[in-house]
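Hi,

Here is the structure I promised to pass on. Have a look at it first, then read my notes underneath.

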Amino acid sequence: MANNNLENNIIIEDNKSDNQSNEKLDAKEKDAKSNKKSLLNFFTPKFIITITTIIVAILIIFNLFFNNGTSSRTVVTSMLQDQKVISELSTLIVPCGGIYEEKNDKGKEILDIAYSGTVEYGLDFSQINISTDEENKKIIVKIPSIYIKEVYIDPSSISLIPEGKYNKTTEYLQKCKDDLSSKFTNNSDEMYNLAKSTAVETLSSFLDPIVKNIGDGYDLIVE
Amino acid sequence: MRSQLIIKKLLLAFLICICFVACKKNATTKEFSLLELQRMSKLSTLKCSFKNVLVHEDEHQINLGITAIPLPKEKYFCEYIAYANIGIDMKKINYNEATQTITIPKAEIIGEINYDLSSFNEKFYHKLIGSKQNVETITSHLKYSLDELKKTIESNDSIMNKAQNIAETQIEELINNVYTVAGRKSNFKYILE
């Protein structure tokens, strides 16, 4: 009887443990199933579509605003329009840069343009005057006035703050050209003197052997 | 549910950050140039004016990785007058006392090819939202057209020879004037290089 009770107890306990393990298994299965369900609930079709749409929209916007054109083509056609005979001796080219500043009525800066370019000095070669001082055996070469021949703004050097309007490019280039011209017109004695001294040296070195070839003891003076 | 929502938001934020990083481009350049005065002795004898027509097209497309969506072309037209001074370098004139010859050097472009701002006629077409065209890009196209014109002029023998011939005439006139005031006659021979 006692053995039967024990056996019964064991059976009951076995059944209990079986039940417990079954319950555990069921719980695990339930957990696994619930996890699957929660993942499926997480990555819903609506969520995936939303994510994809946002990514595509960002890519489109960035490509529109920040991506460079994938292909460019530039064609230049030049036609000779006019040829004019001139006689100008260039003696000095001054490379320079500057910043053009524009302010409003209240004195606040509204536009800044950085640029670089060159200013070219020269003289009218056809106006060189040649005379002689027979008494002193001198040939005198007088050079005409030096002037600014060309003011050139390098178009590729332009940079603006704030970013300028593309359809006002010529306006900006003109402002830079006027700015550079004013700097050299008003304050360029040093450059003028250097251009003049170069002209004197050029004509002296070129004409000196020519004058010596004349003979008769002539000397050259260039002024 | 609340935790799921938080995780979703974090995941979305992370993916957006990835997109920003993927689209970001880094490029830095540094330049230095020393500008020096250029003393010279160049005689310009011919001024040539050119009518330049510049056409620039940009073809954009949206890259989506495996494919691309083409967008309408952006166009820029510009018509303007450019001019070049052509002549010789007087330092390269060769005087031979023994043979009494003066050799005139080959002609070259003096200074930069300049442009007449008052002659500019510009047109823009199909400007897109977020277009890449700005002042800097347009001026770079202009610089390119000037550089191409310079190459064209330098390869044009007709123009260069004409400038050289005119230079010979002007140099000969100067020398003749020197001899004339001294009461002499010049017997130099002029040779074109």
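In chain B, 42% of the 193 residues count as buried. Keep in mind that this is a predicted model, and that what follows was computed from it. The accessible surface of chain B comes to about 10,900 Å², and carbon and sulfur atoms account for 54% of that area.

Now for how chain B is built. You'll find three helices and eight strands in it. If you walk along the sequence, the order is α-β-β-β-β-β-β-β-α-α-β. So to put that pattern in words: a helix comes at the start, then a run of strands, then two helices, and a strand at the end. I also looked at contacts in chain B between residues at least 6 apart in sequence: 73% of these join residues at least 24 apart.

One residue in chain B that I'd zoom in on is Thr139(B). It sits in helix H2 of chain B, which covers residues 135-154. Is Thr139(B) buried or exposed? It is buried, with a relative accessible area of just 1%, and the cut-off for buried is under 20%. What does Thr139(B) touch, if you leave aside its neighbours within four places in sequence? The answer is Pro155(A), Ser156(A), Ile158(A) and Thr169(A), so look over at chain A when you get there. With Pro155(A) there is also a polar contact: a polar atom of the Thr139(B) side chain lies 3.1 Å from the backbone oxygen of Pro155(A).

For contrast, try Lys46(A). This lysine lies in helix H2 of chain A, residues 45-66, and counts as exposed at 68% relative accessibility. Lys46(A) and Thr170(A) are 124 residues apart in sequence, and their C-alpha atoms are 53 Å apart in space.

Last, the cysteines. A disulfide is a covalent bond between the sulfur atoms of two cysteines. How many disulfides are there over all chains? The count is zero. Take Cys96(A), which is in no disulfide: the nearest cysteine sulfur belongs to Cys176(A) and is 12 Å away, whereas a disulfide needs the two sulfur atoms within 2.5 Å. Cys96(A) counts as buried, at 11% relative accessibility. Cys78(B) is in no disulfide either, as its nearest cysteine sulfur, again that of Cys176(A), is 16 Å away. Cys78(B) is buried too, with a relative accessible area of 2%.

Happy browsing!

How values were computed: Residues are numbered from 1 along each chain as its sequence is written. Chains are lettered from A and ligands numbered from 1 in the order in which they are written. This is a predicted model: local features need pLDDT of at least 70, side-chain atom pairs count only at pLDDT 80 or more; totals for chains, interfaces and linings use all residues. Side-chain values use heavy atoms; hydrogens and water are left out. Helices (H or I, at least four residues) and strands (E, at least two) are DSSP runs, numbered from the N terminus. Buried means under 20% relative accessible area, exposed over 50%, partly exposed in between (1.4 Å probe, protein chains only). Contact means heavy atoms within 4.5 Å. Accessible areas come from the Shrake-Rupley method with a 1.4 Å probe; for residues, only the protein chains shown count as cover. A polar contact is a pair of N or O atoms within 3.5 Å; within protein, one must be able to donate a hydrogen and the other to accept it, and residues adjacent in sequence count only if both atoms are side-chain atoms.
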